[in-house]
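Trainee: I have a new model to read, and I would like to work through it step by step. Where should we begin?

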Amino acid sequence: MTRLMRTSKLAKRPVVTMGGEDVAQIKDVVYAAGGGQVGGFTLAGRGLFAGPLKKALAWTSVASLGADAVMIADEDVLESTEAVLDRSASSGGSGGNVLGSQVLTDAGVDLGKVVDVIIEVSQGGSGQCDVVGYEIEASEALGSSGTDVLIPLPDTISVSGEHLIVPASAKDFVGHDLAGFGAAVEQFRAQLKADR
């Protein structure tokens, strides 16, 4: 079973041990493998005036990503922030922030700017957390300029500091909410495989 969510909804989500101890909160999402997967999270302390922590949480140490908390076995699974960022970079991750980046098709058409990232979280043992789409502020090319829409991504994506490149056919699978967007992602990826 999988669930789609916006990464903007993860900020400030508490990190809780299986013993019930509230040890941190999510600060930022760290992307890995060329931007196609979540590598982990940087953390902040709990409380109104708490700042960033020097510890981070690798995705492989997450027991469950729930609607209200990120569950971990215990505090010992937290690592140095550098270790999590370095592992992300070595797997091809850019380590950069994609929010505000321009989405272009491989035909050079501007589709809009990224306002959020859509991830698919596998519940249970396998533990995948993949980037499956972007929420973008649409350009004229999508016929709904200025509105926020969801655009699916292929299994592997091209990410640079300023531009995100998607196949031109992605604009045929644009969604307006998370309900049904998972099916649009599957259909888009199936079409890409069939075209190869």
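Mentor: Begin with the domains, whose bounds come from an automatic or database domain assignment. Keep in mind that this is a predicted model.

Trainee: Which residues make up domain 1 and domain 2, and how far apart do their C-alpha centres lie?

Mentor: The assignment gives 2–90 as domain 1 and 101–195 as domain 2. Now take the C-alpha centre of each domain. Between domain 1 and domain 2 the separation of these centres is 24 Å.

Trainee: How many residues of each domain are in contact, domain 1 with domain 2, and what area is buried between them?

Mentor: Domain 1 brings 17 residues, which are in contact with 21 residues of domain 2. Carbon and sulfur atoms give 54% of the buried area. The area buried between domain 1 and domain 2 is about 1,700 Å².

Trainee: How many residue pairs are in polar contact across the interface of domain 1 and domain 2, and which element gives the most to the side of domain 1?

Mentor: The rule finds nine residue pairs in polar contact across this interface. On the side of domain 1, the elements giving two or more residues are β1 (2–6), β4 (37–44) and β6 (62–65). With five residues, the element that gives the most is β1.

Trainee: How do the residues on the side of domain 1 that touches domain 2 divide into nonpolar, polar and charged?

Mentor: Sort that side by residue type. Seven are nonpolar and eight are polar. The charged ones number two.

Trainee: Which residues form the salt bridge between domain 1 and domain 2?

Mentor: The count between the two domains is one salt bridge. Its closest N and O atoms are 3.0 Å apart. The partners are Glu135 and Arg6.

Trainee: Why does the pair of Arg6 and Glu135 tie together parts apart in sequence, and is each residue buried or exposed?

Mentor: Arg6 lies in strand β1 and Glu135 in strand β11 (residues 129–138), so the pair ties together parts 129 residues apart in sequence. The cut-off for buried is under 20% relative accessible area. Arg6 has 18% relative accessibility and Glu135 has 11%. Arg6 therefore counts as buried, and Glu135 too counts as buried.

Trainee: How many salt bridges does the rule count, and which residue meets Asp22 in one?

Mentor: The rule's count is five salt bridges. Asp22 lies in strand β3 (residues 22–32), and its partner is in the loop between β4 and β5 (52–58). The N to O distance is 3.0 Å. The partner is Arg46.

Trainee: Which residue meets Arg189 in a salt bridge?

Mentor: Arg189 is in helix α2, and its partner is in the loop between β12 (148–152) and β13 (158–159). The two are 34 residues apart. Arg189 is buried, at 17% relative accessibility, while the partner is partly exposed, at 44%. That partner is Asp155.

Trainee: Is Asp68 buried or exposed, and which residues does Asp68 touch?

Mentor: Asp68 sits in the loop between β6 and β7 (70–72). Its relative accessibility is 65%, so Asp68 counts as exposed. The C-alpha atoms of Asp68 and Arg13 are separated by 6.6 Å, although these residues are 55 apart along the chain. Leaving out residues up to four places away in sequence, Asp68 touches Arg13 and Pro14.

Methods:
Residues numbered from 1 in each chain as written. Predicted model: local features only at pLDDT ≥ 70, side-chain atom pairs only at ≥ 80, totals over all residues. Heavy atoms only, no water. Contact = heavy atoms within 4.5 Å. Buried area = accessible area lost by both parts, 1.4 Å probe. Salt bridge = Lys/Arg side-chain N within 4 Å of Asp/Glu carboxyl O. Polar contact = N/O pair within 3.5 Å; in protein donor to acceptor, adjacent residues only side chain to side chain. Helix = DSSP H or I, 4+ residues; strand = E, 2+ residues; numbered from the N terminus. Nonpolar A, V, L, I, M, F, W, Y, C, P; charged D, E, K, R; others polar. Buried < 20%, exposed > 50% of the residue type's maximum accessible area, 1.4 Å probe, protein only.
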